Amino acid sequence: MHSKYQVCSLIVQIKSERMSAVTEKINQFPNCEVAISAPENGKLIVVVEGQGSKTLLDTIDLVRDIEGVLDVSLVYHQQDEQGEEDYETQSS
């Protein structure tokens, strides 16, 4: 059996006065975290993980819909496919 692990990072431009509320909301999403916060210019770097691209795209849409978010830009995406044999080797 194969599983696809995916990770992406986003730059999220927000209204500065909403920095705290947006950060808190993003950190509540599963497999999503604010890695870097730059309140002086209203930007967040957000890391999202998931088992498929639909999960990542759905999370990006959730972030985009938060009140105070002005723009969301995908800046990095990586996909790794692991089979059971790879998993067993790595866990030993």
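This is a short walk through the predicted model of a 92-residue protein.

Okay, housekeeping. Residues are numbered from 1 along each chain as its sequence is written, and side-chain values use heavy atoms, with hydrogens and water left out. Since the model is predicted, local features need pLDDT of at least 70 and side-chain atom pairs count only at pLDDT 80 or more, while totals for chains, interfaces and linings use all residues.

Let's start with how far to trust it. pLDDT is the predictor's confidence in each residue, on a scale from 0 to 100. The protein's mean is 87, with 85% of residues at 70 or more. Where is confidence lowest, and where is it highest? The low end is helix α3, residues 84–91, with a mean of 48, and the high end is α1, at 97. Over residues 83–92 the pLDDT drops below 50, and beyond near neighbours in sequence that stretch has six contacts in the model. A contact here means heavy atoms within 4.5 Å. As a rule, where pLDDT is low, the predicted coordinates should not be read in detail.

Now the layout. We have three helices and four strands, and from the N terminus the order goes β-α-β-β-α-β-α. Those are DSSP runs, numbered from the N terminus: helices are H or I with at least four residues, strands are E with at least two. Of the contacts with a separation of 6 or more, 70% are between residues 24 or more positions apart.

Next, the hairpin. Strand β2, residues 32–38, runs antiparallel to strand β3, residues 43–50, and six bridges join them. For two strands to count as paired, DSSP has to find at least two bridges between them. Four residues sit between β2 and β3, and glycine 42 in that turn has a positive phi of about 65 degrees. If you want a register mark, serine 37 stands opposite leucine 44 in β3.

Keep an eye on leucine 44, as we'll meet it in the core. So what's a nonpolar core? By definition, a set of buried Ala, Val, Leu, Ile, Met, Phe, Trp, Tyr and Cys residues joined through side-chain atoms within 4.5 Å. Buried means under 20% relative accessible area, exposed means over 50%, and partly exposed is in between, using a 1.4 Å probe and protein chains only. By that yardstick, 33% of the 92 residues are buried. The largest nonpolar core has 19 residues, and Leu10, Val12, Ile26, Leu44 and Val46 have the most contacts inside it. Two or more residues each come from β1 (2–14), α1, β2, β3, α2 and β4, and β1 gives the largest share, four residues. Leaving aside neighbours within four places in sequence, leucine 44 is in contact with residues including Leu10, Val12, Met19, Val22, Ile26, Val34 and Ile36.

Several of those names come back in helix α1, residues 19–28, whose buried residues are Met19, Val22, Thr23 and Ile26. Why do they share a side of α1? Because they cover an arc of only 100 degrees around the axis, the arc being that of the directions from the helix axis to the C-beta atoms. The face turned away from that buried side carries the exposed residues Ser20, Glu24 and Gln28.

A few single residues before I stop. Glutamine 6, in strand β1, counts as buried because its relative accessibility is 2%. Its side chain makes a polar contact of 3.3 Å with the side chain of glutamine 79. A polar contact is a pair of N or O atoms within 3.5 Å; within protein, one must be able to donate a hydrogen and the other to accept it, and residues adjacent in sequence count only if both atoms are side-chain atoms.

Aspartate 80, in strand β4, residues 69–83, is 74 residues from glutamine 6 in sequence, yet they are 6.4 Å apart in space, C-alpha to C-alpha. At 35% relative accessibility, aspartate 80 counts as partly exposed, and its side chain makes a polar contact with that of glutamine 78, at 3.2 Å.

Also in β4 is leucine 74. Is it buried or exposed? Leucine 74 counts as exposed, at 51%. Beyond its neighbours within four places in sequence, leucine 74 is in contact with Cys8, Ser9 and Leu10.

Last one: threonine 59 is in helix α2, residues 53–64. It counts as buried, at 8%, and touches Cys32 and Val48, not counting residues up to four places away in sequence.
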